[in-house]
Amino acid sequence: MAPPCPQCSQQGQLVRKLTVRSLLIPKLKNRVLDIAYYLCMSSDCKVSYYSNTPNEIFTTKDVKVPIWYKKDAHPKYACYCNKITDEEVINTVKETGLSDMQEIIKFLREKVKCACVAMNPSGQCCTPLFPEAITIGLHARQKEKTENI
Ligand SMILES: [Zn+2]
């Protein structure tokens, strides 16, 4: 189990060092040690990555991209690899009716990339925002249809 975040005491999520190293702003990259790093999952907390070693803490300002679930994240990315925001997903679903993640990505981007380990703060593929945005988009589309009848 991941240790709690030293700032907010919530349990974080283990991330790969490669992810931490590639997402920190360039001047901090060399500060990444050969220890385990965790991602703080709390939306209110300013901590991004932390470790069991005191003082080895990074804030959201130390990370190159906004972390989607943090309160002040802007824009909110549903897919970091292809820089697709939740808003783009909602609009696409609303306009096209597509509901498959891969199809939506292909629709929005000519060249589809997958580099989650290096581009997504959690190191995992796409964010939970993606399915949420699809649901919101489908609802909006449904609503529009009903209103047009
Ligand atoms: Zn925290």
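In the predicted model, Glu95 is partly exposed, because 13 other C-beta atoms lie within 10 Å, a count below the 20 at which a residue is taken as buried. Glu95 belongs to helix H2. Its C-alpha atom is separated by 41 Å from that of Tyr50, a residue 45 positions away along the chain. Several other residues of H2 are buried, namely Asp86, Glu88, Val89, Ile90, Thr92 and Val93. The elements covering these buried positions include strand E5, strand E6 (84-85), and helices H3 and H5. Immediately after H2, Gly97 adopts a positive phi of about 80°.

The packing of H2 against H5 was examined next. Two packed helices are described by the angle between their axes and the distance between the axes. For H2 (residues 86-96) and H5 (residues 129-148), the axes approach to within 7 Å and cross at roughly 35°. The crossing of H2 and H5 is right-handed. On the H2 side, the contact is formed by Asp86, Val89, Ile90, Thr92, Val93 and Lys94. The contribution of H5 comprises Leu129, Phe130, Ala133, Ile134, Ile136, Gly137, Leu138, Ala140 and Arg141. By residue class, the H2-H5 contact contains 10 nonpolar, two polar and three charged residues.

The largest nonpolar core has 19 residues, and those with the most contacts inside it are Ala78, Cys79, Val89, Phe130 and Ala133. At least two residues of this core are supplied by each of strand E5 (77-79), H2, helix H3 (101-108) and H5. The greatest contribution to the core is that of H5, with four residues. Val89, when neighbours within four places in sequence are left aside, is in contact with Ala78, Ile84, Ile104, Phe130, Ala133, Ile134 and Gly137. Apart from this core lies another, of 13 residues, among them Leu23, Leu39, Tyr49 and Tyr50.

The model also contains an open sheet of four strands in the order E1-E2-E3-E4, with antiparallel pairing. Strands E1 (13-15) and E4 (57-59) occupy the edges; each has a single partner strand, so one side of each is left without a neighbour in the sheet. From one strand to the next, the twist averages 30°.

Pairing within the sheet can be followed strand by strand. E1 and strand E2 (residues 37-39) are joined in the antiparallel sense over three bridges, with Gln13 standing opposite Leu39 of E2. E2 and E3 likewise pair in the antiparallel sense, over three bridges, and here Leu39 stands opposite Tyr49 of E3. Strand E3 (residues 47-51) is mostly covered, with four of its five residues buried. The antiparallel pairing of E3 with E4 extends over two bridges, and Tyr50 has Ile57 of E4 as its bridge partner. These two strands, E3 and E4, form a hairpin with five residues between them. In the turn of this hairpin, Asn55 has a positive phi of about 80°.

A loop residue distant in sequence from E1 also contacts the sheet strands. Ser122 lies in the loop between helix H4 (116-119) and H5. This residue is buried, because 22 other C-beta atoms lie within 10 Å, where 20 or more suffice for burial. Ser122 and Leu14 are 108 residues apart along the chain, yet their C-alpha atoms are separated by 8.3 Å. Not counting residues up to four places away in sequence, Ser122 touches Gln13, Val15 and Leu39.

For the protein chain as a whole, the secondary structure comes to five helices and six strands. Read along the sequence, these elements follow the pattern β-α-β-β-β-β-β-α-α-α-α. The C-alpha trace spans about 60 × 30 × 25 Å along its principal axes. Of the 149 residues in the chain, 30% are buried. Among contacts between residues at least 6 apart in sequence, 56% join residues at least 24 apart.

Terms used
Residues are numbered from 1 along each chain as its sequence is written. This is a predicted model: local features need pLDDT of at least 70, side-chain atom pairs count only at pLDDT 80 or more; totals for chains, interfaces and linings use all residues. Axes are lines fitted to C-alpha atoms, for helices over the stretch in contact, and angles run from 0 to 180 degrees between N-to-C directions. A crossing is left-handed if the near helix is turned anticlockwise from the far one by less than a right angle, and right-handed if clockwise. Two residues are in contact if their C-beta atoms, placed from the backbone, lie within 7 Å. Ala, Val, Leu, Ile, Met, Phe, Trp, Tyr, Cys and Pro count as nonpolar, Asp, Glu, Lys and Arg as charged, and the others, Gly among them, as polar. Two strands pair if DSSP finds at least two bridges between them. A nonpolar core is a set of buried Ala, Val, Leu, Ile, Met, Phe, Trp, Tyr and Cys residues joined through C-beta atoms within 7 Å. A residue is buried if 20 or more other C-beta atoms lie within 10 Å of its own, exposed if 12 or fewer, and partly exposed in between; C-beta atoms are placed from the backbone.
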